[in-house]
Amino acid sequence: MSQTQSAAQRATQSTDVTIENLSLSFGTTEVLKGIDLTIGRGEFFTFLGPSGSGKSTLLRAIAGFGPRPSGRILIGGEEVTRLPPWKRNLGMVFQSYALWPHMTVRRNVAFGLEERKQPKEEIRRRVEAALELVGLLDLAERRPSQLSGGQQQRVALARTIVVEPRVLLLDEPLSNLDANLRVQMRREILDLQRKLSLTTIFVTHDQEEANTTSDRIAVLNDGVLQQVGSPVELYDRPANLFVAGFLGTANVLEGRVEAQDGRPLFRTADGIEVPLTEGPDGPCSIVFRPQNLVIVAEGGEPAGGAGAVKLSGVVRHREFLGSIIRYAVEVAGNVILVDDSHQRGQVTLDAGEPADLFFNPDEVVALAG
Amino acid sequence: MTSFSRRQWAPGAVGLLLAAFLVVFLVVPVVKVIFVAFQDPNTGAVTLINFVDFFNTSLFRDSFVNSLYVAGTSVVVASVIALPLAYFTTRFNFGGAVLIQTLGIIPLIMPPFVGAVAMQLLLGPNGSVNLLLDEWLGINIPFMEGLNGVVLVESVHYFPFILINLSAALNNIDQAMEESAQNLGSSGLRLFRRIVFPLAMPGYVAGASLVFLKVFDDLGTPLLLNINTMLAPQAYLRISSIGISDPMGYVISVILVAFSLFSLWVSLLTLRGKDYATVQKGGGGLRKRDLRPWEKASCYAVVVLILLLVLSPHIGLMLLSFGTVWSYSVLPDAYTVDHYLRVFGTASQYITNTLLYAGLAGLADVILGTAIAYIVWRTGLAGRKWLDYVGMGAVAIPGVVLGIGYLRTFYDFQVPVIDKPLASWWVIIVVALAVRRLPYALRACVAALQQVSEMLEEAAENLGATKARTVWRITVPLMSGGILAGFVTSFATASVELSATIMLVSAESDAPLAYGIYEFMQSASGRGPGAALGIIAVVIVGIGTYVSHRVIERGRRERAPDVALAAGV
């Protein structure tokens, strides 16, 4: 089988990426500030951040587009920082797919091989294999404008992988698709990536997309690398408030940690106290997730087990989100979000009713500063 | 050129070539003309004496006043023609909208000077219309008397500039603009004065200043109507009768350029910061209302009347080209194809020359235009914007001025092999045409390039294509519609250019159509063949206009459903 063979070839071609102290400016605006990263061979790696965080700029710098950065980019140990894009052999899928409207699907896919001066017969065979891989062989003679968004996406993928790039670069490839198709396409991209074991860098602002696909995620904000880790690590152990807030919903309380009876105790200015298992001394923020809290009517049965912390407050408003009910509860001047899983016929609390909140201090993450 | 890295040497070299071309064939000749105007003819010192002489000569003072009067009055008359048409199509559900759109194109496919003689025959003191009026009502209206004739011919020819710009401006006003004003309590004249008028004003001024510029610079129409007391004809006559050392031609050139720059500046000023992108999603245009029957009838009456006026040069020219003798009668005495036979038999070099010159000029324009567009929008070359500015600057240089500049600059330059001065070699006519039409082709190429998302080029580079390969395989093919439209526009307008050509034609055998028409029209017996040549010119330009229209439309349709381009950032 030629297909499995070439997939195996690609796997050996696939390689690691190292970024050393990379900085980049548009004019006087610094958009990347001293990025250091290593991406392993065959890894599905994601750059996650809000718009303007520099994630797309970083991807484009790897591909060789945009202003020349300072620092170094190494692909499989070879420095490419000064190479023009056409000498890097990195496959990029653009946000808008960038299919050439004056060429058929087949000619779009063949382009890279033609530029590599491959023999005609070889080109034909590999183009058909690539189109088969993405399930578009019967649409080979169509123009891009005659394809649906999902089909265009597949052509863009085929056009990129057919040249057997060292790394696959995906620049928000799902953002132009509607919600259902997006879930399906991200599954397909991941399957393809696993099949080819192709080192892949994926850029997105969507945390769900990042969490569901990535081996590891690098969170960027304001041109600065915030944290690198697996999706669960980032969610459970955010390195700072930005990461905590960007991945999922977080309750944040600011205060100080002082030792009491030899154990750290977190205290806000408003008098909320939370005992911690570990924590830095001095000014500190604690982060905990809405689903870690249990809400009961005032004076109700305590919940959350033996060491649970209790906070008392008043319900400010209630949102029904389908699977959960999200309460905003005011506790000593702080608004705390609480998720209560929804069951049919459940008794709910209304705005203005007093409520008790319970949570396990083990679920709390303390961040210095 | 601070960052002259290895990746930029190729565009750098092309940029230098382009700059050299523009400097030699546009900047130097114009600067030379201006310099001579300020130079004492005897001592060579810098002086204002030529301008003093100019304004001390009553002929030149009259010419100056006449040119201003004709240009100004033409703007007024053109506005009178254009305003009702623009108003009908944008305010009412008017079935004649297609008719009006056609009206906006028909005059432009005929150079004004071609129609001038025909209009003389139809509307002159002894023309068809006045003969009929005299017979029925005993009156004679001096449509074509002296400067009136120039004003009428120019207005009929150039009113589409106002019509097109004003209609576009009115169509760009969102209905929501009007409705929110009504919602806030404004209506009727107040609404028009405070909302509609200010929003449409930039479009009108842009069109009007273009008309002023074109009329002020026009040489062919006054020459053919035998009106010599205007600036452009004076410049031509001084240079052609007294010689290229007479300073008056240069003084007039400076005045022509100054007024061209002034009217361009006015239109830029009104458009600056007023690029009202008022159309929100869901389509634009003011609210249209249906017409009552009598209103519809009067609308049609106005449109048909204007249509007749606009078509009069075409009708007249057609009659003239097929007529035997046409003098002191409503219609020609009899009809014949002799004029066409004579033209094809003895004057066919005019046609082949025109196809050659205009074809080469159009080709040169799209090559220059594509190269300049690419360098300006896709490279980081220092000073690249200047290529665009200078290339567009040709718009402000009247043909007469360019012609005089070429004569002055290239007369002493002997072309090696053929041993002739460059100024009298036919190639210089092609260069002049290319330079004069470059702005149109350049805008078409820039627009085409801007349609091409840079991502399409990056995708090619990412897949291994070098910059040059990307330009060849992606950029140029995607620009092809715009490039073709630019070529056709340059070709069509260059094929009827007269003002620079007339200065540069040195031998009958090198002359193009426009010059041939001018030559024929000089004598009464040449009018028939001249008109036949004119009809041939109209057919060439008409076909060109139609083709470019189709090309642009097709490009628009192909692009419309294209997600990849539309979604591009």
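Modeller: One term before we dive in: two strands count as paired if DSSP finds at least two bridges between them. Also, keep in mind that this is a predicted model.

Biologist: Okay, let's start with the overview. How many helices and strands are there in chain A?

Modeller: Chain A has 369 residues, and buried ones make up 40% of them. Its C-alpha atoms fill a box of roughly 80 × 50 × 40 Å along the principal axes. As for the elements you asked about, chain A holds 9 helices and 20 strands.

Biologist: What share of the contacts in chain A with a separation of 6 or more comes from residues 24 or more positions apart?

Modeller: Take the contacts in chain A whose partners have a separation of 6 or more. Among these, pick out the ones that link residues 24 or more positions apart. Their share is 66%.

Biologist: Now the sheets. In the open sheet of 5 strands in chain A, which strands stand at the edges?

Modeller: The order in that sheet is β13-β12-β11-β14-β20, with antiparallel pairing. An edge strand has a single partner, so one side of it is left without a neighbour in the sheet. In chain A, that description fits β13 (273–275) and β20 (365–368).

Biologist: And how much does that sheet twist on average from one strand to the next?

Modeller: We're still with the open sheet ordered β13-β12-β11-β14-β20 in chain A. Going from one strand to the next, its twist averages 35°.

Biologist: Let me zoom in on a pair there. Which residue is the bridge partner of Val257(A) in β14(A)?

Modeller: Strand β11 of chain A covers residues 251–260, and β14 of chain A covers 282–288. The two run antiparallel and are joined by 7 bridges. Val257(A) has as its partner in β14(A) the residue Gly282(A).

Biologist: There's also an open sheet of 6 strands. Is its pairing parallel, antiparallel or mixed?

Modeller: The strand order is β6-β7-β8-β3-β9-β10 in chain A, and β6 (91–93) and β10 (224–229) pair on one side only. Inside it, β3 (44–48) and β9 (216–221) of chain A pair in the parallel sense over 4 bridges, with Phe45(A) opposite Arg216(A). Taken over the whole sheet, the pairing is mixed.

Biologist: At about what angle does α5(A) run to β6(A)?

Modeller: Helix α5(A) lies across two strands of chain A, β6 and β7 (168–171). Compared with the direction of β6(A), the helix runs at about 170°.

Biologist: Which residue in the turn between β16(A) and β17(A) has a positive phi?

Modeller: β16(A) and β17 (324–331) of chain A pair in the antiparallel sense over 6 bridges, and Phe320(A) stands opposite Ile325(A). The two strands form a hairpin with 3 residues between them. The turn residue with a positive phi, about 95°, is Gly322(A).

Biologist: β17(A) and β18(A) form a hairpin too. Which residue in that turn has a positive phi?

Modeller: 8 bridges join β17(A) to β18 (334–341) of chain A, and the strands run antiparallel. One bridge pair there is Arg326(A) with Asp339(A). This hairpin leaves 2 residues between its strands, and the one with a positive phi of about 45° is Ala332(A).

Biologist: How many residues of strand β19 in chain A are buried?

Modeller: β19(A) has antiparallel partners in β15 (293–297) of chain A, through 5 bridges, and in β16 (309–320) of chain A, through 6 bridges. Among the pairs, Val294(A) faces Phe358(A), while Leu311(A) is matched with Leu357(A). The strand is mostly covered, and of its 6 residues the buried ones number 5.

Biologist: Let's bring in the other chain. Which element gives the most to the side of chain A that touches chain B?

Modeller: The contact takes 25 residues from chain A and 25 residues from chain B. On the chain A side, the elements giving two or more residues are α3 (105–115) and α5 (149–161). That side divides into 16 nonpolar, 7 polar and 2 charged residues. With 3 residues, the element giving the most is α3(A).

Biologist: Last one: where in α7(B) does a kink of about 40° lie?

Modeller: Helix α7 of chain B has 25 residues and reaches 35 Å from its first C-alpha to its last, close to the 36 Å expected. 21 of those residues are buried. The kink comes shortly before the proline Pro160(B), at Val156(B).

Methods. Residues are numbered from 1 along each chain as its sequence is written. Chains are lettered from A and ligands numbered from 1 in the order in which they are written. This is a predicted model: local features need pLDDT of at least 70, side-chain atom pairs count only at pLDDT 80 or more; totals for chains, interfaces and linings use all residues. Axes are lines fitted to C-alpha atoms, for helices over the stretch in contact, and angles run from 0 to 180 degrees between N-to-C directions. Two residues are in contact if their C-beta atoms, placed from the backbone, lie within 7 Å. Ala, Val, Leu, Ile, Met, Phe, Trp, Tyr, Cys and Pro count as nonpolar, Asp, Glu, Lys and Arg as charged, and the others, Gly among them, as polar. The expected span of a helix is 1.5 Å times one less than its number of residues. The bend at a residue is the angle between axes fitted to the seven residues ending there and the seven starting there. A residue is buried if 20 or more other C-beta atoms lie within 10 Å of its own, exposed if 12 or fewer, and partly exposed in between; C-beta atoms are placed from the backbone.
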